[in-house]
Amino acid sequence: MRPRSPPRGGVSALGAARRALTRAASNPVDRVNLLDHDLESLAAYCATLGEKRFRAVQLFRWIHQKGESDFGRMTDLAQSLRDKLAAAAEVRPLRVASEQAAADGTVKWLFDVGGGDAVEAVFIPEDDRGTLCVSSQAGCAVGCRFCATGHQGFSRNLSTGEIVGQLWFAEHHLRRRLGLAAGERAISNVVMMGMGEPLQNYAALLPALRTMLDDHGYGLSRRRVTVSTSGLTRMIERLRRDCPVALAVSLHAPDDALRDQLVPLNRKHDIAALMAACRQYLDAAPRDFITFEYCMLDGVNDSPEQARALVELVRGRAGPVAVPCKLNLIPFNPFPESGLKRSPRERVQAFAKVLQDAGIVTTVRKTRGDDIAAACGQLAGEVQDRTRAARRMTRAPIRIVAVHTP
Ligand code: SAH
Ligand code: SF4
């Protein structure tokens with residue numbers, strides 16, 4: 001499946017900033033949203049205002065490190081710059097439609113992004129970290145059988161400002177709410193595991209990732225920012241070159257016959273190509289393993305034979321290459337339209353044991369926030385299905401092909 005908006009080579013940040021400025025000047029309502037810019041592009045925008053790069057750094061720090069959106073309060077910026085910004089730009093926050101807190105401390109926000117679309121972000125506190133699960137699209141066009149977002153269909157890509165806006169809001173809101181001291185952070189990890197397929201919104205994703213990593217922005221380490229993908233092989237290769245962060249790949253099946261049915265884009269990006277892309281990604285990745293996610297579906301992909309086939313696959317005995325990996329088994333979070341069931345706990349444990357006995361580090365993901373529908377695959381926001389993906393979604397029974405392992 002092709003990404004919707006591939007970034008075009010040769011389009012300079014300066015050119016983009018100039019066009020944005022011209023647009024804003026000709027229409028005062030159409031202000032430049034500074035959350036749309038990573039530092040390089042903000043520097044290019046500031047250059048169009050006749051300002052030096054260090055001013056962009058100051059501005060970027062005010063916005064992302066201090067959470068400030070009022071130019072008047074950015075006291076170390078020259079008044080002339082504050083006036084120029086007030087006339088043409090803004091830090092456009094997302095509109096919070098609702099906030100829900102789960103018994104386990106998980107918090108879910110629903111953001112209204114206009115046009116009848118709303119997306120969700122989830123904060124998951126743990127003893128040693130605070131993780132924000134971020135959405136990349138309103139809906140998703142991939143249409144995985146077991147995913148509530150996939151069942152809703154697809155409306156549109158989020159902009160960089162809307163992706164970063166989730167982190168901007170959550171970080172500064174939580175800092176205030178938790179009464180954190182200056183310099184303390186609420187969010188230490190970001191996972192692109194909310195609504196949408198991040199690699200199908202690559203042009204907006206890339207500046208968002210760069211802002212998360214930038215020392216003048218959120219300063220997150222590459223190891224603590226994870227892109228989760230259903231497996232667009234060419235885009236995995238681009239991410240490796242442009243911005244290698246931690247990679248999670250949603251595998252869900254050890255063979256093409258089953259994966260074709262669970263993750264429809266497998267018909268174009270088959271497992272062999274996926275494994276090759278994963279192996280190559282490790283050349284640049286901040287971690288020396290890929291995380292494979294595997295959603296445990298009762299009677300579909302959870303047999304001991306399938307676990308053995310999975311071992312063969314990642315070891316390179318049933319595929320083109322071996323891929324150093326960790327396996328993350330996700331108990332399926334059911335929703336009515338799926339017609340699927342969660343694997344019983346004993347099956348998940350037996351499956352995990354096969355992998356662990358083969359020496360593969362395997363974890364079973366704790367289900368967090370399921371009392372507020374904030375767990376994996378339950379995020380569904382509100383989506384105008386413009387592509388009729390939901391209608392095209394097949395509900396035919398899943399055909400299990402016998403798995404043979406040596
Ligand atoms: N589109 C990306 C990221 C968003 S989905 C991807 O597919 O990787 C994040 C994770 O939640 C993926 O591993 C996905 O397979 C998993 N998931 C989706 N629906 C689920 C469900 N109903 N129960 C458990 N996990 C689910
Ligand atoms: Fe899209 Fe990921 Fe859900 Fe598949 S699992 S439909 S790729 S969000």
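Start with H252, in the loop between β11 and α9. The model is predicted, so treat every stop on this tour as a computed feature. Check the backbone of H252: phi is near 70°, a positive value in a residue other than glycine. Most residues other than glycine have a negative phi. Now look around the side chain. H252 counts as buried because 26 C-beta neighbours lie inside 10 Å, and the cut-off for buried is 20 or more.

**Helix α10**

Next, select residues 271–281, helix α10. Which residues of α10 are buried? Colour I271, L274, M275, A277 and C278. Look down the helix axis: these buried residues fall within an arc of 165°, so they line one face of α10. An α-helix has 3.6 residues a turn, so residues three or four places apart point the same way. Now show what covers that face. The cover includes two strands, β11 (246–250) and β12 (290–296). It also includes the helices α8 (233–242), α9 (256–262) and α11 (304–315).

**Helix α8**

Move to α8, one of the elements that cover the buried residues of α10. Select T233, M235, I236 and L239, which are buried in α8. Turn to the axis view again. The buried residues of α8 fall within an arc of 160°, so they line one face of the helix. What do they pack against? Show α7, β10 (225–229) and α10.

**L209 in α7**

From α8, step across to α7, residues 202–213, and pick L209. Is L209 buried or exposed? L209 is buried, because 25 other C-beta atoms lie within 10 Å. Leave aside neighbours within four places in sequence, and L209 is in contact with V225, C243 and V245. Of these, V225 belongs to β10 (225–229). Then draw a C-alpha to C-alpha distance from L209 to I163: they are 9.2 Å apart in space and 46 residues apart in sequence.

**Ligand 2**

Now centre on ligand 2. Display the residues that surround it: C140, V142, G143, C144, C147, T149, G150, G196, E197, S230 and S250. Colour this shell by class. Six residues are polar, four are nonpolar and one is charged.

**The largest nonpolar core**

Zoom out to the largest nonpolar core, which has 109 residues. Which members touch the most others? Select L42, L132, L167 and M296. Colour by domain next: the core draws at least three residues from each of domain 1 (10–90) and domain 2 (95–392). Stay with L42. Apart from neighbours within four places in sequence, L42 is in contact with L34, H37, A56, L59 and F60.

**D104 in a loop**

Go to D104, in the loop between β3 (95–101) and β4 (107–114). D104 counts as partly exposed, because 16 C-beta neighbours lie inside 10 Å. Beyond neighbours within four places in sequence, D104 is in contact with R368 and G369. Add P125 to the selection. The C-alpha atoms of D104 and P125 are separated by 8.5 Å, with their positions 21 residues apart along the chain.

**The whole chain**

Finish with the full view, coloured by secondary structure. The chain comes to 13 helices and 14 strands. Recolour by burial: 47% of the 406 residues count as buried. Last, bring up the contact map. Among contacts with a separation of 6 or more, 71% join residues 24 or more positions apart.

Key:
Residues numbered from 1 in each chain as written. Chains lettered and ligands numbered in written order. Predicted model: local features only at pLDDT ≥ 70, side-chain atom pairs only at ≥ 80, totals over all residues. Near = placed C-beta within 6 Å. Nonpolar A, V, L, I, M, F, W, Y, C, P; charged D, E, K, R; others polar. Helix = DSSP H or I, 4+ residues; strand = E, 2+ residues; numbered from the N terminus. Buried ≥ 20, exposed ≤ 12 C-beta atoms within 10 Å, placed from the backbone. Contact = placed C-beta atoms within 7 Å. Core = buried A, V, L, I, M, F, W, Y, C linked by C-beta atoms within 7 Å. Domains from an automatic or database assignment. Arc of directions from axis to C-beta.
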